[in-house]
Amino acid sequence: MKPVMALVGRPNVGKSTLFNRLTKSRDAIVADFAGLTRDRHYGNAKHGKHEFIVIDTGGFEPTAESGIYSEMAKQTRQAVAEADVVVFVVDARAGLSAQDHDIGEYLRKLGKPTVLAANKAEGMTEGVQLTEFYELGLGDVHPVSAAHGQGIRSLVEVAFEPLGLHEDDDVEEAPQDEGVIKLAVAGRPNVGKSTLINTWLGEERLVAFDLPGTTRDAISVPFERGGQKYELIDTAGLRRKGRVFEAIEKFSVVKTLQAIESANVVLLLLDATQGVTDQDAHIAGYILESGRAVVLAVNKWDAVDAYQREQVQRQIETRLAFLKFASLHLISAKKRQGLGPVWQSIAQAHKAAMTKMSTPVLTRLLLEAVQFQSPKRAGMFRPKLRYAHQGGMNPPVIVIHGNSLEHVTDAYKRFLEGRFRKEFNLIGTPLRIEMKTTK
Ligand code: GDP
Ligand code: GDP
């Protein structure tokens, strides 16, 4: 499971700037797609070998008349509680404020590993101006500049030190049993996740099997269906209770993200009676960014009339346009309708995510695509695409080598993506295209 870092601090100290800085490298891989919202508070970050989830607790605004505990949004408190490490951001230029004291006290009581970051410290001589922040009693003050990207790397290092993670450690890959599809069912509360899972697990065609390494109260359920082994990952908002899954009260974005990250395939469940909500679009965005394969299912299809059905389908086309590579199913978990084809799509998405693409074939396709339509010249530069190789699976990554590739437009990348998708029949998986310019 990826560790979680929460950014906490009063408004205007630079939390969202820091958030963007931390998540930027990762986001850059995902081109801009229609419908993909960026107004999120959760993101994936990768620094050196550290991969983690960052939360920007933007809504934290303690005021004089009401206490910090009542003011802090419930979600924010939950996020901080779920974080492995808290980065407390203060404004090095504005100096220490009463609000900082309040927040500092809250964090001290919480007893979580906390790192104090003095932002906007670019061009400041260390020491002098920062000494007052030691009053907070949270240990060392780390000067950073989120806007200029200074001190970020060492901040990340320091933050993860207590977790015993070091950059030199090889990132430990969970032993991958090639034959098992790790499946997560994601979705907002009440879309019908537990109903669906319990319907599935109640089917006779499902056979439980022992997966090495899983204990009796492990948080995942191994089972077999039609000769294919699956591992159902304990999903956000759900907990296993004996033989059945139950919705837990608190929906947790962090747990959703962790479940998505540990899966090979994510079944994103929507609720036909509610349409596509912001939260649905956000979860869908996380799935795209994680690179996991995805299958969409609109549940409660039994409970909506023809008009609503058309509405929902139109919303999916517009708001979830960035997942148009995924199969869509209209189901009723309660009435057990339409469930069989979902399994076929899950297997198909998994197969696509694990596709092996040879360098000669990729290169041939690339050159054919270029011949069909060459990339636009950008000023003095005309990108020259030379060859391609596969850089990863789940999601498949295609690395293109050549010259001046930084001038290749998103539109052209999408054109290439379309060609590769068609050729390899990549239904249900994101596909990443990376450009490597030869110097
Ligand atoms: P938040 O409310 O804590 O999320 O703060 P924002 O990220 O929105 O930043 C508040 C203001 O501080 C914006 O005008 C930023 O441009 C500015 N800011 C953020 N980081 C830095 C920094 O490193 N140096 C300077 N000088 N300004 C910064
Ligand atoms: P979860 O929070 O995502 O696990 O959602 P639940 O499985 O607890 O379902 C929430 C509510 O939706 C319950 O009242 C279910 O009975 C209902 N529900 C689930 N699936 C369906 C369905 O296919 N059709 C209808 N009409 N209701 C459903």
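For what follows, Ala, Val, Leu, Ile, Met, Phe, Trp, Tyr, Cys and Pro count as nonpolar, Asp, Glu, Lys and Arg as charged, and the others, Gly among them, as polar. With that in hand, let me begin with ligand 1, keeping in mind that everything I describe comes from a predicted model. The shell around ligand 1 is made up of 4 nonpolar, 9 polar and 3 charged residues. That shell holds 16 residues, and the closest of them are Gly 14, Lys 15, Ser 16, Thr 17 and Ala 147. If we ask which element gives the most to this shell, the answer is helix H1, residues 15-27, which supplies 3 residues.

Ligand 2 can be described in the same terms. Here 17 residues surround the ligand, with Gly 192, Lys 193, Ser 194, Thr 195 and Lys 334 as the closest. By class, the residues of this shell are 5 nonpolar, 8 polar and 4 charged, and the largest share, 3 residues, comes from helix H6, which covers residues 193-202.

Let me turn now to the strands, starting with E1, residues 4-8. How many of the residues of E1 are buried? The count is 5 of its 5 residues, and the strand is accordingly described as mostly covered. Both of its faces are covered, with Val 4, Ala 6 and Val 8 buried on one side and Met 5 and Leu 7 buried on the other.

E1 pairs with strand E3, residues 50-56, in the parallel sense over 4 bridges, and within that pairing Val 4 stands opposite Ile 53. E1 is also joined to E4 by 4 bridges, and these two strands run parallel as well. In E4, the partner of Leu 7 is Val 87, while the partner of Val 8 is Phe 88.

E4 itself spans residues 85-91, and because 6 of its 7 residues are buried, this strand is largely enclosed by the rest of the structure. E4 pairs in the parallel sense with strand E5, residues 114-119, over 6 bridges, and one of the partnerships there sets Val 89 against Ala 117 in E5. Together with helix H4, residues 98-110, the strands E4 and E5 make a right-handed β-α-β unit.

Val 87, which we have just met as the partner of Leu 7, appears again in the largest nonpolar core. This core has 111 residues, and those touching the most other members are Val 87, Leu 267 and Leu 268. If we set aside the neighbours of Leu 268 within four places in sequence, its contacts are Ala 186, Gly 187, Ile 283, Ala 284, Ile 287, Val 294 and Leu 296.

I would like to finish with some details of the backbone. Asn 12, in the loop between E1 and H1, has a phi near 80°, a positive value in a residue other than glycine. Is Asn 12 buried or exposed? A residue counts as exposed if 12 or fewer other C-beta atoms lie within 10 Å of its own, and Asn 12 has 9 such atoms within 10 Å, so it is exposed.

Lys 120, in the loop between E5 and strand E6, also has a positive phi, near 65°. Lys 120 has 21 C-beta neighbours inside 10 Å, and therefore counts as buried, since the threshold for being buried is 20 or more.

The last detail is a cis peptide bond between Asn 394 and Pro 395, with omega at about 15°. Pro 395 lies in the loop between strand E16 and strand E17.

How values were computed: Residues numbered from 1 in each chain as written. Chains lettered and ligands numbered in written order. Predicted model: local features only at pLDDT ≥ 70, side-chain atom pairs only at ≥ 80, totals over all residues. Near = placed C-beta within 6 Å. Core = buried A, V, L, I, M, F, W, Y, C linked by C-beta atoms within 7 Å. Contact = placed C-beta atoms within 7 Å. Pairing = 2+ DSSP bridges. Right-handed = clockwise from strand over helix to strand, strands pointing away.
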